[in-house]
Amino acid sequence: MKLRLVLWGLAIALLVALPPLAIALGQTYYIDLVRRMLILSIAAISLNLILGYGGLVSFGHAAYLGVGAYSVGIMAFYGASAGWLQWPLAVGASALVAAAIGAVSIRTSGIYFIMITLAFTQMLYYLGLSLAEFGGDDGMRLKARSQFSGLVDLGDPVAFYYVALLLMLLSVVLVYRIVNSRFGMVLRAAKSNDARTRAIGFSPYFYRLAAFVLAGAMCGLAGALYANHTNYITPGLMSWQQSGDLMFMVILGGMASTAGPVLGTFALLLIEEVLKGWTEHWQVVLGPLLVLSVIFFKRGLAGMFWKPDA
Amino acid sequence: MTWGLVFEQLLNGLQYGVMLFLMAAGLTLVLGIMNMVNLAHGSLYMVGAYLAVALTGWTGNYFAGVALALLGTLLVGMAVEVVALRALYHRDHLDQVLATFGLILFFNELVSMIWGRGAQYASLPGWLQGHIDLFTGSRYPVYRVAILVVGLSTALILWYVVTRTRLGMLVRAGASNRTMVGALGVNIRLLYTVVFGVGAALAGLAGLMAGPIYAVQPGMGELILIQVFVVIVIGGIGSVRGALVGAIIVGVVDTLGRAFLKPVLASVISPPAAEAAGPALASMLIYLLMAVVLAMRPAGLFSSR
Amino acid sequence: MRDSLLQVRGLTKQFGALRASDGIDFDVAEGETHAVIGPNGAGKTTFISQLAGNLRPDSGTVRFAGADITALPAPRRARLGLARSFQITSVYPDFSALHNVALAIQARSGHSFRFWRDARSDPSLLHPAKNVLHEVGLGGRSQVLAGNLAHGEQRQLEVAMALATKPRLLLLDEPMAGMGTEESQRMIALLASLKRKHTIILVEHDMDAVFRLADRISVLVYGRVIASDTPERVRANEEVRRAYLGTQA
C-alpha cells in the first residue's frame, strides 16, 4: 500500500513538473500531447468504473465524449461560451443520454449488451452526421474556448494542462471512493456473482444503471475538455473506433485497478505516437499488437505490479 | 410519392435486407454455436468486395473474378481463424471483441496500403447492367434483381441445410447447447470450422455483390456490421430464421425510412423542421426499432436459447 | 389451520412434457425445521428455486408471512426475510470470507446508494460479519479469500451469508453437498444450533442429518409430495420406502 502511494506521488510530481521542463527544453509539443493523454484518461477512468469494476462491456462509451464535446460546441455556436454553463450542461446531457441508453441496455446482458451499446452509439454518431447545421460529417470548429470569467484561460496551454491534470486526479479519487463505498461493493459483487447478489437482496439493475450514468457524466466532462483541446468537434469522436480505443485503454492498463486506466491511456497513446512516427500506416502494426496483447497480456500493466482489487 | 416509387423503394429495402441476411446468417451461427463475437466479420465482407474488384480486373472475366473472390475470402477467413480466432474460443466476449477489433484495424489499413484510401469502383458485365420494366411502369436495375435472386436462393439453400440435413441438425443443436453436442461425440472442431467457413463465404458473397452498388473503401465492413448486429439482436442469436426476418425488417424499415420519412414528416409538421429532423430521425429509425423489440423480447424474436 | 410462515398451494412448473412441480401444497410453521427429501430428479431444486424467486411457477401461489410473494423476484423476497443458500457453492471467490458476509450484512442495513465512505473498513458492517462467521465456525478464517477456502468451509460460508441477512426463513439447499463425514458432522452441529432460533427448510440427501434435524419431512417424488409428516411416520411410510428410502432407513 505504501509503495502505491509513493509511486502515485512520483507520477504526480512528474506530471506537475512536465510543463516547465518542456518549456525549458523547447519541446512544448509534449505539453499538448500529455494534456491529450490526461483528458482521455478521464474518459478511460469513467469506463473502468462500469467495465472494470462493474463488468459492463459497454462498446459505446465514446458516445459521451461526443455528447460532452457537442454540448460545448453547440453552446459556443450560439454564443454561450461561459464554461460555468457549458461544462455542467455537458455533464448533465451526458448523464441524461446515459440514463436513456442504460435503462434499455442494462436489461440485457452478455453479447446482447455489447451489441446494443454499440448500436446506440452508432445511432448518436449518425445523428451527429445528420446535423448539417453543426458541420455534419466535417464537424465544426469551436467558436470560442470555454470562458471561466477570467479565473483561468484555457487558451494558455500550460494553464489548460494544469486544469486537465487537476480534473484527472479528481476523477481518480472520485472513482476510488465510489468503488470502495457501499455502492461500489454492490457493483463489484454483482460483477463477481450476479445470482448471489440477488440472493442476499440486491437488485443489480439499479446499481448498474447508476454506475452507467455516473460513468457517462464523467466521460461527458472529458468530452467538454476535449472540445477545448482540439478546438474542433466531429462525429468521429463518437465512432465505435473511439469506443474501442477507450476499451483498450482500460484493458491495457489493467481493469479494476485505480492506476490502470491512466497507465493504459498513456501507454496506448504513447504507442500510437511512436508508431505514427514510423509509418503513416501505423494501424497495420497497432492492430496485430492489440490482438497479441489480448491473447497474451490479459492482466494489463497494473497487473504486472500488483494484483487487481477484488 | 407515388405507389410506383414506394414499390421501388420496397424492392431496394428487400435487396438491402437480403445482403444483411447473408452477413447476419454467418455471424449469428458463429455466435450461437461457437459463442464467439467476431467483429472481423465485416472485414471479410470488405475483403470479398476488394478481391472481386481486383480479380475481375485481372482475369477480365466477371464469373472468374467473382468465383476467385469467393474462394479468396474463404481462404482469408480460414487463415484468420487459425492464426487469431482459435486462441479466443474459450475467452470471454470482452477479449473476443477487443482482439477482433484489432483485426479490423489491421485489415482496414492493409487494404489502404494495397489499394489506397479512396473508393474503388466495381464494374459490371454488360448483361447485368440493364434495367427491367416493373409492372408499376418504372424501371428497376437488373443487378439489384440479381442480388435479390442470389440472396433469396442462398436463404433457401441455408433453410434446407439447417432444417433438412444432418449437418443442419447439428448446427441447430449446437446453437442450443454447445457442450451437449460435444459430449455426444460430434467432432466439434470440424463443426466449428465448417460453420466459420460458411460464414466467411457468405460475408464474401455479400461483399462482392455489394461492390457495384456501394463504395468499396476501407471501413465499409464496419458500416454494415453494426446494422448486422441490430439484425441479430432483433432476430435472436443462433437463429437463421431470425436472421432472415430481422434482416428483411431492418432492410425495409431503413430504406423506406430514408426515402419517405422526410416527406411524410413534412406533411405533418412544417417543411423546414422536417428538413432538419427527417434525415436525423431516419438514421435513428432501426435503432429505435431495436430498442422497442428488446423491450418486449429481450432475447430477440426467435432466440434459440 | 394456524397460519404458516410459508404457505404453498398448487405449485406447478412444467418444462415441455416434464412436470417438475405437480400441484405442490406445502406448509412451514414458524420455528419449524422442515426437510424436503426425494430421489434425484424429483424436482427439489425446481421447488426451491420457485420458493426463492429464481423461477416463476406456471400456476399456484406462494405466501410468506401472510403476503402473496408469487410474483416477487428473488431480491425482493430476500429483503422480506427469505434467505437461501445454494446447492452449488455460490460465493464471491475474490473477496475475503469477512467481506462476503459483510455484503450480506450490508444488504440488510438500509439502502446502499452511498458513494463516499469506505465500506471495506466500516465497523457497522465488519463487526456483525465477524460475529456471524464466528457463529458458523469460520471465525479464524475471516481474512481468507473465499475462493481459497476448503470445500466444507465454503459450505459454511454459504450458511453464514444466509444468516447474515437476518432471515425469517432459511432455505438451505443441500448444505452438506460434497462433504466428508467429519465436515458433515460439523455442519449438522451448526444446523442443530440454528434450529432453536430460525425457521428452516432443509433440502438434503444426507438421511442422518435429515432425521436428526427435521421436525417434519416432506417427500418429493416426480414433482408431487407423497408424504409430509413427522420423521418417524415418514420413515415407516410404505410408499416412501418403496419410492426412496428402501429398507435401510
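Start by selecting chain B and chain C together in this predicted model: no contact joins these two chains, and their closest C-alpha atoms lie 14 Å apart. Two pairs of chains do touch, and the pair with the most contacts is formed by chains A and B.

**Stop 1: where chain B touches chain A**

Keep chain B on screen and bring in chain A, and you will find that the contact takes 36 residues from chain B and 34 residues from chain A. To see what builds the side of chain B that touches chain A, select helix 4 (93-115), helix 9 (220-235) and helix 11 (271-296) of chain B, each of which supplies at least two residues. Helix 4 of chain B deserves its own colour, since the largest share of this side, 16 residues, comes from that helix. If you then colour the residues of this side by kind, they divide into 29 nonpolar, five polar and two charged.

**Stop 2: where chain A touches chain C**

Now hide chain B and show chain C with chain A, where 21 residues of chain A are in contact with 26 residues of chain C. On chain A, select helix 6 (157-180), helix 7 (182-192) and helix 8 (194-199), which each supply at least two residues of the side that touches chain C. Among the elements of chain A, helix 7 gives the most to this side, with six residues. Coloured by kind, the residues on this side of chain A divide into 11 nonpolar, six polar and four charged.

**Stop 3: a helix with a buried face**

Stay with chain C and select helix 6, residues 181-195, for a check that you can repeat with a distance tool: at 1.5 Å a residue, its 15 residues should span 21 Å, and its end C-alpha atoms are indeed 21 Å apart. Which residues of this helix are buried? They are C:Met187, C:Ile188, C:Leu191 and C:Leu194. Turn the view until you look down the axis of helix 6 of chain C, and the buried residues fall within an arc of 120 degrees, so they line one face of the helix. The general reason is that an α-helix has 3.6 residues a turn, so residues three or four places apart point the same way. On the other side of helix 6 of chain C, look for C:Glu182 and C:Ala189, which are exposed. To see what covers the buried residues, add helix 5 (151-164), strand 8 (199-203) and helix 7 (207-213) of chain C, which are included in that cover.

**Stop 4: the largest nonpolar core**

Show every chain again and select B:Met23 and C:Val101, which touch the most other members of the largest nonpolar core, a set of 281 residues. Helix 1 of chain B, residues 3-34, gives the most to this core, with 16 residues. In chain C, the core draws at least three residues from each of domain 1 (6-81 + 167-245) and domain 2 (89-150). Centre the view on C:Val101 and, leaving aside residues up to four places away in sequence, you will find that C:Val101 touches C:Ala129, C:Val132, C:Leu133, C:Ala160, C:Met161 and C:Ala164.

**Stop 5: two positive phi angles**

Most residues other than glycine have a negative phi. Select A:Ala256, in the loop between helix 10 (240-253) and helix 11 (260-278) of chain A, where phi is near 50 degrees, a positive value. Is A:Ala256 buried or exposed? A:Ala256 is buried, with 23 other C-beta atoms within 10 Å. Finish at C:Tyr222, in the loop between strand 9 (216-221) and strand 10 (224-229) of chain C, where phi is likewise positive, near 50 degrees. C:Tyr222 is partly exposed, with 16 other C-beta atoms within 10 Å.

Terms used: Residues numbered from 1 in each chain as written. Chains lettered and ligands numbered in written order. Predicted model: local features only at pLDDT ≥ 70, side-chain atom pairs only at ≥ 80, totals over all residues. Contact = placed C-beta atoms within 7 Å. Helix = DSSP H or I, 4+ residues; strand = E, 2+ residues; numbered from the N terminus. Nonpolar A, V, L, I, M, F, W, Y, C, P; charged D, E, K, R; others polar. Expected span 1.5 Å × (residues − 1). Buried ≥ 20, exposed ≤ 12 C-beta atoms within 10 Å, placed from the backbone. Arc of directions from axis to C-beta. Core = buried A, V, L, I, M, F, W, Y, C linked by C-beta atoms within 7 Å. Domains from an automatic or database assignment.
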